[in-house]
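Reader: I'd love a close look at one part of this model, with the cut-offs spelled out as you go. Please start with a small pairing detail and then move to the part itself.

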Amino acid sequence: MNKTQTHPFKPIFDQNSKILILGSFPSVVSRELGFYYANPQNRFWRVLAQILNAPPPASMDEKIKFLLARGIAVYDAAICCEIKGSSDAKMTAVVPANLEPIFSGARIVQVFANGGKAHEICEKYLKTQILNATGKEPVKLPSTSPANANFSFERLVREWAIVAEILNRAEI
C-alpha cells in the first residue's frame with residue numbers, strides 16, 4: 001500500500017535564479033537525509049558539476065551555494081503524493097507544487113524537468129503557471145536517478161548540457 005508523503009524541504013532559489021530544475025518527489029534517501037538528490041547513487045550533482053566545469057559539491061551548504069552561485073533553482077513538481085518507496089512509477093494522488101513563490105522571487109527563464117514523471121506532472125498540472133512565468137514550455141531531461149540505467153553518465157552529461165547553454169545565455 002502506498003503511503004501519503006508531504007514534501008519535506010523548501011525550494012532552493014534566490015533573486016538571481018534563472019533556471020528551475022524540477023524533480024518529481026524526493027526519494028526515501030533524500031527524505032531521510034533532508035536534502036535534494038541525497039542518494040549518492042543519484043547522478044544529479046555530478047552531472048551539474050560536469051556541465052558547469054566545477055567540482056561536485058559535497059555538503060548541503062556547498063550544494064546550496066553551488067546552485068545559487070550559478071543561477072539555478074531546485075524544487076520538485078509534487079508537494080504531496082502517495083508513493084511506495086522511491087519509485088516514480090508508484091506515485092499516485094499527486095498534489096502539484098505551487099511555483100508562484102519561485103516565479104515571483106526569481107527571474108526564471110526556463111524550467112527543466114528531471115525525468116519523465118517530473119515532466120508529466122509539469123504538463124498535467126503546472127504547464128500554464130510555467131508558460132505564464134517564462135513564456136516557454138518545460139523541457140524534459142533524462143532522469144539522473146540510478147533507476148534510469150538506460151543513460152550512462154556520459155549520455156546524461158550530453159543531454160543536460162542544454163542547462164549550461166541556457167545559463168550562459170541568461171546573463172547571470
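Which residue in S4 stands opposite threonine 6? After that, please take me through helix H2 (residues 44–51) and what surrounds it.

Author: Happy to! This is a predicted model, in which local features need pLDDT of at least 70 and side-chain atom pairs pLDDT 80 or more, while totals for chains, interfaces and linings use all residues. Residues are numbered from 1 along each chain as its sequence is written, and side-chain values use heavy atoms, leaving out hydrogens and water.

The partner of threonine 6 is cysteine 80 in S4. Helices (DSSP runs of H or I, at least four residues) and strands (runs of E, at least two) are numbered from the N terminus. Strand S1 (residues 3–6) runs antiparallel to strand S4 (residues 78–83), and four bridges join them; strands pair if DSSP finds at least two bridges between them. S4 also pairs with strand S5 (residues 92–96), again in the antiparallel sense, over three bridges. There, alanine 78 faces proline 96 in S5.

Now to H2, starting with its burial. Six of the eight residues of H2 are buried, so the helix is largely enclosed by the rest of the structure; buried means under 20% relative accessible area, exposed over 50%, and partly exposed in between, with a 1.4 Å probe and protein chains only. The buried set is Phe44, Trp45, Val47, Leu48, Ala49 and Ile51. These residues pack against S2, helix H3 (60–69), S3, S6 and H6, where contact means heavy atoms within 4.5 Å.

Leucine 48 gives a good view from inside H2. Its relative accessibility is 0%, so leucine 48 counts as buried. Setting aside residues up to four places away in sequence, leucine 48 touches Ile21, Phe66, Leu67, Ile72, Trp160 and Val163.

One helix partner deserves its own paragraph. Two packed helices are described by the angle between their axes and the distance between the axes. The axes of H2 and H6 (residues 153–169) come within 9 Å and cross at roughly 60°. Axes are lines fitted to C-alpha atoms, for helices over the stretch in contact, with angles from 0 to 180 degrees between N-to-C directions. H2 and H6 are therefore oblique to each other, as angles under 35 degrees count as roughly parallel, over 145 as roughly antiparallel, 65 to 115 as roughly perpendicular and the rest as oblique. In the contact, Phe44, Arg46, Val47, Leu48, Gln50 and Ile51 of H2 meet residues of H6 including Phe153, Trp160 and Val163. By class, 11 residues of this contact are nonpolar, one is polar and one is charged; Ala, Val, Leu, Ile, Met, Phe, Trp, Tyr, Cys and Pro count as nonpolar, Asp, Glu, Lys and Arg as charged, and the others, Gly among them, as polar.

H6 also leads us to the sheet. It lies across S2, S3, S6 and S7, at about 160° to S6. These strands form an open sheet with the order S3-S2-S6-S7 and parallel pairing. Strand S3 (72–76) and strand S7 (139–141) are its edges, each pairing on one side only. Within the sheet, four bridges join strand S2 (residues 19–23) to strand S6 (residues 110–114).

Finally, just after H2, asparagine 53 takes a positive phi of about 50°.
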